[in-house]
Amino acid sequence: MELSLGKNNHTLLNKISKLVILITLCLILLLLNSLYYPALGYPSFLLNYSSKHSSSSSFDNPDQVLNNNKSVTNLTSDHEEARQEFCDIFSGEWIPNPDAPYYTNKTCSAIYEHQNCMKHGRPDNDFFKWRWKPNDCDMPVFDPAQFLEMVRGKSLAFVGDSVARNQMQSLICLLSRIVYPTDVSPTKDEQSKRWRYESYNFTLSIFWSPLLVRSKEADTNGPNHTGLFILYLDEFDQDLAVQIEEFDYVIISGGQWFFRPAIFYENGKIAGGYNCLMENVKDLTMYYGYRKAFRTVFKAINSLKNFKGVTFLRTFSPSHFENGLWNDGGDCVRTKPFKSNETSLDMFSKEFYLVQLEEFRIAEREAKKKGLKVRLMDTTRAILLRPDGHPSRYGHWPDENGTLHNDCVHWCLPGPIDTWNDFLLQMLKTERGHDQLRIGR
């Protein structure tokens with residue numbers, strides 16, 4: 001039966017046109033929503049265990065917090081392509097990169113001695129001749145000129161421990177191909193530094209805050225000779241809050257310090273402790289302190305009156321000790337990356353990682369209510385596959401005095417940690433894409 005060409009047909013065509021427009025608008029809205037960093041699904045190679053969900057998971061069921069959508073990052077700054085070119089940059093494999101490295105210990109003076117593996121005699125150099133290849137796209141290696149243009153007139157702060165500093169030093173070295181910054185640190189404290197790229201009006205800082213909340217060392221020895229710390233889990237460092245309020249980008253991270261014995265304070269009184277071996281102190285897990293610390297730091301940043309920047313959570317960096325613990329002969333002597341199907345996170349690292357993802361989602365929801373931005377830099381998946389990138393015994397001279405342990409926590413420079421700044425650049429490009437889309441509305 002043929003469709004008549006009268007008034008009814010005209011009405012039907014109008015309805016169809018409106019429906020097509022409505023569907024198109026819905027698709028555009030879904031695409032724009034994905035730009036704002038949708039929930040990250042659990043990668044199977046990270047979660048190859050059946051978790052009983054210890055006390056750290058009692059706050060939220062991870063399956064309710066995260067869904068199976070891919071995290072999406074824009075790989076181009078072009079306004080039109082920004083609507084089309086999306087890729088989960090955090091899922092992939094390491095592939096050979098004969099062009100690396102892009103700096104050396106001779107061209108960059110920002111490398112700390114303990115990460116200066118080539119200087120201290122590491123015999124192989126394959127560990128810096130790899131690059132990260134996402135499964136569904138090709139991520140460019142770090143472009144220092146592009147990065148400096150992206151951050152022109154901006155400021156960026158790392159907040160965390162020595163691994164955060166490790167990433168900052170990598171960034172300085174990657175940028176050193178263009179320009180080297182001026183040290184404008186207000187004090188001589190080597191733990192917290194400030195650098196200035198004057199010709200780009202760009203400030204780069206590291207704030208030493210390994211436990212993220214207000215804390216102090218109660219005993220330098222402690223129950224297992226790694227110190228005993230007091231953590232005020234519901235108190236953010238107010239001096240730090242005042243300083244980071246002025247920054248455009250803040251990258252927070254934390255990890256290995258939470259393995260240390262601690263006494264937890266909340267509401268001005270002892271709430272419990274982890275491995276503190278004290279009478280009448282409730283025994284809590286390290287995950288309890290870890291979760292509360294991230295919850296507090298996110299809440300504090302989201303509550304800063306004048307902060308209008310972007311907060312990035314850089315996820316947990318696993319160590320790669322084998323054949324023993326860090327203080328019991330453990331070492332990391334592998335010379336090439338794992339494939340993603342060859343390894344998985346150990347129980348402790350998995351739980352830390354899950355806590356971060358859960359707290360990130362909570363913080364992201366709260367930030368959106370206030371018009372703020374919280375983003376996830378999921379470095380865990382890539383760096384898990386790099387047992388070959390640590391200093392091991394090549395972070396010091398063999399004949400140095402004192403007790404020296406193999407370092408399977410930090411990263412050689414140059415080395416795999418440089419890829420974290422590849423991620424950072426791509427995420428900054430994504431933020432520019434967000435801004436362009438908002439302006440174009």
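Colleague: What volume does the largest pocket have?
Modeller: In this predicted model, the largest pocket has a volume of about 1400 Å³. Of the 37 residues that line this pocket, those closest to its centre are Gln256, Arg260, Phe321, Trp326 and Val409. The elements giving two or more residues to the lining are α4 (162-175) and α7, and α4 gives the most, with three residues.

Colleague: What makes up the lining of the largest pocket by class?
Modeller: The lining of the largest pocket holds 17 polar, 15 nonpolar and five charged residues. Since Gly is counted among the polar residues in this scheme, the word polar should be read with that convention in mind.

Colleague: How many cavities does a search of the whole structure find, and what volume has the largest?
Modeller: The search finds four cavities of 30 Å³ or more, and the largest of them has a volume of about 200 Å³.

Colleague: Why is this one called a cavity and the other a pocket?
Modeller: The name depends on whether a 1.4 Å probe can get out: a cavity is a set of points where the probe fits but cannot leave, whereas a pocket is an open set, and therefore the two words are kept apart here. The largest cavity is lined by 20 residues, and Ala100, Tyr102, Trp130, Gly415 and Asp418 lie nearest its centre. Both β4 (130-134) and α9 (418-440) supply at least two residues of this lining, with α9 contributing the largest share, three residues. By class, the lining of the largest cavity has 13 nonpolar, three polar and four charged residues.

Colleague: How do you know that the peptide bond from alanine 100 to proline 101 is cis?
Modeller: The omega of this bond is near 5°, and the bond is cis. Proline 101 has its place in the loop between β3 (92-96) and β4, and Ala100, on the other side of the bond, is one of the residues nearest the centre of the largest cavity. A second cis peptide bond runs from leucine 413 to proline 414, with omega near -5°, and proline 414 is found in the loop between α8 (380-383) and α9.

Colleague: What makes the phi of asparagine 280 worth a remark?
Modeller: The phi of asparagine 280 is near 65°, which is a positive value in a residue other than glycine. Most residues other than glycine have a negative phi, and most peptide bonds are trans, so a positive phi and a cis bond both depart from what most residues show. Asparagine 280 is placed in the loop between β13 and α6.

Colleague: What is the order of the seven strands, and which are the edge strands?
Modeller: The seven strands form an open sheet in the order β6-β7-β8-β5-β11-β14-β15, with mixed pairing. The edge strands are β6 (182-183) and β15 (373-377), each of which pairs on one side only.

Colleague: Why do strands β11 and β14 count as paired?
Modeller: Pairing requires at least two bridges, and four bridges join β11 (residues 249-252) to β14 (residues 310-314), so these two parallel strands qualify. Within this pair, tyrosine 249 has valine 310 of β14 as its bridge partner. Helix α6 (residues 286-303) lies across β11, β14 and β15, running at about 170° to β11, while helix α7 (residues 347-369) lies across β14 and β15 at about 155° to β15.

Colleague: What is the order of the open sheet of four strands?
Modeller: The order is β9-β10-β12-β13, and the pairing is mixed. The edge strands here are β9 (213-219) and β13 (269-274), and neighbouring strands of the sheet are turned by 25° against each other on average, direction ignored. Six bridges join β9 to β10 (residues 228-236), and these strands run antiparallel; in β10, isoleucine 230 is the bridge partner of lysine 216. Helix α6 packs on this sheet too, touching β9, β10, β12 (262-266) and β13, and its direction makes about 35° with that of β10.

Colleague: How confident is the predictor, given the mean pLDDT of the chain?
Modeller: The mean pLDDT is 84, and 78% of the residues reach 70 or more. Over residues 28-42, however, the pLDDT is below 50, although this stretch has 54 contacts in the model beyond near neighbours in sequence. Over residues 48-84 the pLDDT is again below 50, and that stretch has 98 such contacts.

Notes:
Residues are numbered from 1 along each chain as its sequence is written. This is a predicted model: local features need pLDDT of at least 70, side-chain atom pairs count only at pLDDT 80 or more; totals for chains, interfaces and linings use all residues. Side-chain values use heavy atoms; hydrogens and water are left out. pLDDT is the predictor's confidence in each residue, from 0 to 100. Contact means heavy atoms within 4.5 Å. Axes are lines fitted to C-alpha atoms, for helices over the stretch in contact, and angles run from 0 to 180 degrees between N-to-C directions. On a 1 Å grid over the protein atoms alone, a cavity is a set of points where a 1.4 Å probe fits but cannot get out, and a pocket is an open set with protein on both sides within 12 Å along at least five of seven lines; lining residues have an atom within 4 Å of a point. Grid points are joined across faces, edges and corners, and a volume is the space filled by probe spheres set on the points.
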